[in-house]
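Reader: I would like to learn how to read a structure like this one feature by feature. Could you walk me through it?

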Amino acid sequence: MRLIPSLAVLLGLASATVAAADVSYLDLRIGAGVLSNEYKGTSTTTVTDGNGSVTTIHSSDDGRDADHNWRGQVQLVGGQLGSAGGLVYGVGVAMNRATWENGSQDAHVSTPVIDILLGYGYAFTSNWHLELTPFAGVGRAYYSVSDGNSSSTSKEWNNYVEYGAKLGSYLTLDGGLQLGVEVPWLVGRFDPDYDHQDGTDQYSVSDERRNQGLGLLVSVGVRF
């Protein structure tokens, strides 16, 4: 992950030394890779005991970084690039899956999401171009816990929002096959709420969770 800023600098320097090309394209891409493991969070827990007494506990630092955080995505992206670059636009669907290892049990958060992209592209040649595209999306998040060969999934789905920007470099071979590398900066947010009973005590928990940081993805696609 330490190499990601250097990659972005090298891609930027290349744009200053290679003449632009006029390119109009529509690409279908399948990508996969890693996102940042950094998770931050806060939580508020309200406990109501058997006598009706209510106690509220608030934690402003209740995050734990994930052990793994993967992303898979499919995107349809178009561009109209001239001598000074041009507009890039697209839509995509993705699945993020973060894992926390806890001995014999692993906890997971899975987040299917739909994104829209709108940004800038620059073509060095008709076969090689860069994209800098902000994106935003909405989806759903749910928890699951695996224990050996069994697993259970929370029935509570939570709203999920992500936003950020990505720098990508794409090489399109003769015949339309495309290879790409993407460096996204992504922020993902979701707010799970859940209740549980422990004897005569009723617990109500409200969380705020935020995943943020740089990632690295590779893609394979086709140009129409």
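**Reading the model, feature by feature**

Author: Gladly, and let us start on the surface: β1 provides the largest share of the nonpolar patch, three residues. Please keep in mind throughout that this is a predicted model.

Reader: Which residues form that nonpolar patch, and how much accessible area do they have together?

Author: The patch is formed by L26, L28, I30, V74, L76, V91, V93, I114, I116, V222 and F224, with about 950 Å² of accessible area together. At least two of its residues come from each of β1 (23-34), β4 (68-82), β5 and β6. V222 sits in strand β13, which covers residues 216-223.

Reader: Is V222 buried or exposed, or partly exposed?

Author: The general idea is to compare relative accessible area with two limits: under 20% is buried, over 50% is exposed, and partly exposed is in between. V222 has a relative accessible area of 33%, so V222 is partly exposed.

Reader: Let me step back to the whole chain. What does the secondary structure come to?

Author: The chain has one helix and 13 strands. Along the sequence the pattern reads α-β-β-β-β-β-β-β-β-β-β-β-β-β. Of the 224 residues, 41% are buried. The accessible surface of the chain is about 11900 Å², and carbon and sulfur atoms hold 59% of that surface.

Reader: What share of the contacts with a separation of 6 or more joins residues 24 or more positions apart?

Author: That share is 67%. One pair to look at in the viewer is T44 and D207: their C-alpha atoms are 6.4 Å apart in space, while 163 residues separate them in sequence. T44 belongs to strand β2 (residues 39-48). With a relative accessible area of 26%, T44 is partly exposed.

Reader: Now for the interior. Which residues have the most contacts inside the largest nonpolar core?

Author: A core here joins buried nonpolar residues through side-chain atoms within 4.5 Å. The largest one has 14 residues, and Y39, W100, Y160 and F190 have the most contacts inside it. The strands β5 (85-102), β6 (105-123), β7 (128-147) and β10 (177-190) each supply at least two residues of this core. There is also a second, separate core of seven residues, which includes Y25, V77, L81 and V88.

Reader: Which residues does F190 touch?

Author: Leaving out residues up to four places away in sequence, F190 touches Y39, V109, A141, Y143, N159, Y160, E208 and R209. Two of the core residues named above, Y39 and Y160, are on that list.

Reader: How should I read strand pairing, and how many bridges join β9 to β10?

Author: A useful habit is to check direction, then register, then the turn. β9 (residues 158-172) and β10 run antiparallel and are joined by 13 bridges. For the register, A165 stands opposite W185 in β10. The two strands form a hairpin with four residues between them, and G175 in the turn has a positive phi of about 100 degrees.

Reader: What about charged side chains? How many salt bridges does the structure hold?

Author: Side chains of opposite charge can pair when their charged atoms come close. This structure holds nine salt bridges. In one of them, R223 pairs with D27, and the closest N and O atoms are 2.8 Å apart. This pair links distant parts of the chain, with R223 in strand β13 and D27 in strand β1, 196 residues apart. Both R223 and D27 are buried.

Reader: Which residue forms a salt bridge with K166?

Author: K166 pairs with E182, with 3.7 Å between the closest N and O atoms. K166 is in strand β9 and E182 in strand β10, so the pair ties together parts that are 16 residues apart in sequence. K166 has a relative accessible area of 3%, so K166 is buried. E182 counts as buried too, at 2% relative accessibility.

Reader: And how does the pair of K40 and E38 look?

Author: The closest N and O atoms of K40 and E38 are 3.3 Å apart. K40 is partly exposed at 37% relative accessibility, and E38 is partly exposed with a relative accessible area of 28%.

Reader: Which residues are linked in a network of salt bridges?

Author: The network links D27, R29, E131, K166, E182 and R223.

Conventions. Residues are numbered from 1 along each chain as its sequence is written. This is a predicted model: local features need pLDDT of at least 70, side-chain atom pairs count only at pLDDT 80 or more; totals for chains, interfaces and linings use all residues. Side-chain values use heavy atoms; hydrogens and water are left out. Buried means under 20% relative accessible area, exposed over 50%, partly exposed in between (1.4 Å probe, protein chains only). Contact means heavy atoms within 4.5 Å. Patches are made of residues with over 30% relative accessible area and no salt bridge: like charges are joined within 9 Å, nonpolar side chains (Val, Leu, Ile, Met, Phe, Trp, Tyr) within 5 Å. Accessible areas come from the Shrake-Rupley method with a 1.4 Å probe; for residues, only the protein chains shown count as cover. A salt bridge is a side-chain nitrogen of Lys or Arg within 4 Å of a carboxyl oxygen of Asp or Glu. Two strands pair if DSSP finds at least two bridges between them.
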